[in-house]
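Here are a few short exercises to work through with the model open beside you. Try each task on your own before reading its solution.

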Amino acid sequence: QVQLVESGGGLVQAGDSLRLSCAASGGTISSYTMAWFRQAPGKERELAAAITWNGDNTYTDSVKGRFTISRDNAKNTVYLQMNSLKAEDTAVYYCAARRRYSATYASYDYWGQGTQVTVSS
């Protein structure tokens with residue numbers, strides 16, 4: 001059973017950067033697709049970025065060029081570097097894992113508790 005713990009969220013101003021971390025325990029994530037989903041108040045949870053076991057990345061259009069997902073299998077950790085943050089990036093960010101890539105949050109097997117990112121304009 002894989003456990004995921006996110007960290008790195010906070011309150012920042014528009015244009016600032018944040019780096020989220022997702023530390024896994026209870027199993028190795030090297031063979032998993034790892035994803036960052038986000039959910040803003042009153043909105044559905046959406047995929048922000050994902051990285052497959054072999055390093056292929058996917059980003060939602062609104063974060064392309066600003067966010068970078070990466071993984072360090074030796075540390076069993078996934079990161080989301082967020083630059084040029086906008087007010088519309090405000091959301092709870094969740095780390096998730098599943099064996100194969102999917103853009104559908106309901107298909108992911110393991111979830112963290114989420115970390116709040118608030119961007120003031």
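**Exercise 1. Classify Lys 64 by its accessibility, then describe its salt bridge with Asp 61.**

Solution. Keep in mind that this is a predicted model.
- Step one: Lys 64 has a relative accessibility of 48% and counts as partly exposed, because the exposed class begins over 50%.
- Step two: turn to the partner. Asp 61 has a relative accessible area of 61%, so it is exposed.
- Step three: check the distance. The closest N and O atoms of Lys 64 and Asp 61 are 3.0 Å apart, and the cut-off for a salt bridge is 4 Å.

**Exercise 2. Trace the salt bridges of Arg 38 and find the network to which Arg 38 belongs.**

Solution.
- Step one: count. There are four salt bridges in the structure.
- Step two: begin with Glu 46, whose salt bridge with Arg 38 has its closest N and O atoms 2.7 Å apart. Glu 46 is partly exposed at 31% relative accessible area, whereas Arg 38 is buried at 5% relative accessibility.
- Step three: follow Arg 38 to Asp 89, where the closest N and O atoms are 3.0 Å apart. Arg 38 sits in strand 4 and Asp 89 in the loop between strand 8 and strand 9, so this pair ties together parts 51 residues apart in sequence. Both Arg 38 and Asp 89 are buried.
- Step four: put the pieces together. Through shared partners, salt bridges join Arg 38, Glu 46, Arg 66 and Asp 89 into one network.

**Exercise 3. Work out what surrounds Arg 98, a buried residue with no salt bridge.**

Solution.
- Step one: place the residue. Arg 98 belongs to strand 9.
- Step two: look for opposite charge. The nearest such side chain is that of Asp 109, 5.0 Å away; a salt bridge would need 4 Å or less.
- Step three: look for polar partners. A polar atom of the Arg 98 side chain lies 2.5 Å from the backbone oxygen of Arg 100.
- Step four: list contacts beyond four places in sequence. Arg 98 touches Tyr 32, Thr 33, Ser 107, Tyr 108 and Asp 109.

**Exercise 4. Describe the two faces of strand 11 and its pairing with strands 2 and 9.**

Solution.
- Step one: sort the side chains. Thr 115, Val 117 and Val 119 point to one face and are buried; Gln 116, Thr 118 and Ser 120 point to the other and are not buried.
- Step two: take strand 2, which pairs with strand 11 in the parallel sense over four bridges. Here Gly 10 is opposite Val 117.
- Step three: take strand 9, which pairs with strand 11 in the antiparallel sense over three bridges. Val 92 has Gln 116 as its bridge partner.

How values were computed. Residues are numbered from 1 along each chain as its sequence is written. This is a predicted model: local features need pLDDT of at least 70, side-chain atom pairs count only at pLDDT 80 or more; totals for chains, interfaces and linings use all residues. Side-chain values use heavy atoms; hydrogens and water are left out. Buried means under 20% relative accessible area, exposed over 50%, partly exposed in between (1.4 Å probe, protein chains only). Two strands pair if DSSP finds at least two bridges between them. Lys and Arg count as positive and Asp and Glu as negative; His and the chain ends are not counted. A polar contact is a pair of N or O atoms within 3.5 Å; within protein, one must be able to donate a hydrogen and the other to accept it, and residues adjacent in sequence count only if both atoms are side-chain atoms. Contact means heavy atoms within 4.5 Å.
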